[in-house]
Amino acid sequence: MNNLAPYAVSSSNSRGRRIMEASPDGRSEFQRDRDRIIHSTAFRRLEYKTQVFVNHEGDLFRTRLTHSLEVAQISRSIARNLFLNEDLVEAISLAHDLGHTPFGHAGQDALNACMKDYGGFEHNLQSLRVVDVLEERYAAFDGLNLCYETREGILKHVTKKYAQNLGEIGKRFLTNQQPSLEAQLANLADEVAYNNHDVDDGLRSGLITQAQLEDVALFSRHLTQIKTQHPELAGRRMIHETVRRMINTLANDLTHQSIINIKNAKLGDLADVRASPPLIGFSDGIKKEQQALKKFLRENLYTHYHVVRMSNKAKHTVERLFNIFNSDIKLLPHKYQIKARLEKQQAIADYIAGMTDRFAIKEYRRIFAIEED
Ligand code: MG
């Protein structure tokens, strides 16, 4: 890849794969990682997993798949401007949600509660488990055998308790080192993506209104700008234009502030990145505005009774599935029964976490509804 900064991750400074493989023909190591992720089963399942709205609630809402594509778009454009490794940020972005349960955070919280006595459940760790262990596609190894830096980016956060058992990849959480700039970038691009698309989806669903959002600075200052420039504009098109400009403002701010941070840190190579404080970041002003937007979404969208009702159903679905499998593993499909004989609750958690929203709903009916088979 051309034009990489000396502190960017590259095929030549990579810590490599867990199982040695010959270098790919005509692709970089990180292009290969991205391609493996796109061809994985877990990636296709993202299409039917909830971001905020459950899959059957409407065709236009974001799913984990479209969310991940938006994250990849934002992180790639910024990576190019910062001379970072675009293929790596793309790979991390596309894989960052692979370990999510069905039904978004409600599903994850429920599964974590079910797993309380068996080590708990964390979706970041599960994303790593998907690419390290659970995908079964290659003759020579389990998982996707991705490069260290891709795996490091996927394991965005993990508690110290888990970090101790993860070897090399968990070390930075114990020594307070940072991951690559590419990993830092994918993490913040995730925030930019969901804050903005949740505004868009929230308005589309009618659970939040434009009038409410006019109290949120980041939204209102762009809206005011648009009303001056295009007084005739209204409806969805005005919302799209506002959200578009918000994403642009955030992405540009992230780029400019990160350039300043990187310059001040006088980075030489990748080792300097790991030893420095986080360098990819927003300016203080934008950070405050983003926090205000997050707070607004938390208070008005994520805790809206409509969302809470759906989350509650999701929680019960996950809980009841877990408990019934835990009480009798013979209810599990064959493959998982075999796994459950070795690691019972882990196998059940893997089975449930891998489900799409609609598969979980179907499986629930197959188990609990007498008329289903
Ligand atoms: Mg995400």
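In this predicted model, the largest pocket is lined by 26 residues, and those lying nearest its centre are Q51, R64, H100, H105 and Y302. Several helices contribute to this lining: two or more residues come from each of α3 (64-81), α5 (104-114), α10 (181-205), α15 (284-302) and α16 (305-327). The largest share, five residues, is supplied by α10. The space in the largest pocket amounts to about 680 Å³. Sorted by class, its lining holds nine nonpolar and nine polar residues, together with eight charged ones.

The second largest pocket offers about 420 Å³ of space. Its lining is made up of 22 residues, with L125, R129, Y162, L166 and Q346 the closest to the centre. At least two lining residues each are provided by α6 (123-134) and α18 (344-354), and α6 gives the most, with six. Here the class count reads ten nonpolar, five polar and seven charged residues.

Attention now turns to the metal site. A magnesium ion is held by two histidines and two aspartates: NE2 of H67, NE2 of H96, and OD atoms of D97 and D190 serve as its donors, at 2.2 to 2.8 Å. Along the chain these donor residues follow the spacing H-x28-H-D-x92-D. Both H96 and D97 are buried. For readers who wish to examine the geometry of the site, the ideal angles at a metal are 109.5 degrees for four tetrahedral donors and 90 or 180 degrees for six octahedral ones.

Helix α4 spans residues 86-95 and is mostly covered, with ten of its ten residues buried. The buried set mixes residue types: the acidic side chains E86, D87 and E90 are included, as are L88, V89, I92 and L94. Among the elements that cover these residues are α1 (29-38), α2 (41-45), α3, α6, α7 (148-154) and α10. The N-terminal end of α4 is capped by N85, which places a side-chain oxygen 3.1 Å from the backbone nitrogen of D87.

The loops on either side of this helix each contain a phenylalanine with an unusual backbone angle to look at. F83, in the loop between α3 and α4, has a positive phi of about 60° without being a glycine. F103, in the loop between α4 and α5, likewise is not a glycine and has a positive phi of about 65°. Are these two residues buried or exposed? F83 counts as partly exposed because its relative accessibility is 45%, whereas F103 counts as buried because its value is 7%.

A final point of interest is N196, which is placed in helix α10. This asparagine counts as buried because its relative accessible area is 0%, below the 20% cut-off. Where does the side chain of N196 reach? It comes to 2.8 Å from the backbone oxygen of V192. Leaving aside residues up to four places away in sequence, N196 touches V243, M246, I247 and L250. Helix α10, where N196 is found, is also the element that gives five residues to the lining of the largest pocket and helps to cover the buried residues of α4.

Notes. Residues numbered from 1 in each chain as written. Predicted model: local features only at pLDDT ≥ 70, side-chain atom pairs only at ≥ 80, totals over all residues. Heavy atoms only, no water. Donors = N, O, S within 2.8 Å, 3.2 Å for Na, K, Ca; no water. Buried < 20%, exposed > 50% of the residue type's maximum accessible area, 1.4 Å probe, protein only. 1 Å grid on protein atoms, 1.4 Å probe; cavity = no way out; pocket = protein on both sides within 12 Å on 5 of 7 lines; lining within 4 Å. Points joined across faces, edges and corners; volume = space filled by probe spheres on them. Helix = DSSP H or I, 4+ residues; strand = E, 2+ residues; numbered from the N terminus. Nonpolar A, V, L, I, M, F, W, Y, C, P; charged D, E, K, R; others polar. Contact = heavy atoms within 4.5 Å. Polar contact = N/O pair within 3.5 Å; in protein donor to acceptor, adjacent residues only side chain to side chain.
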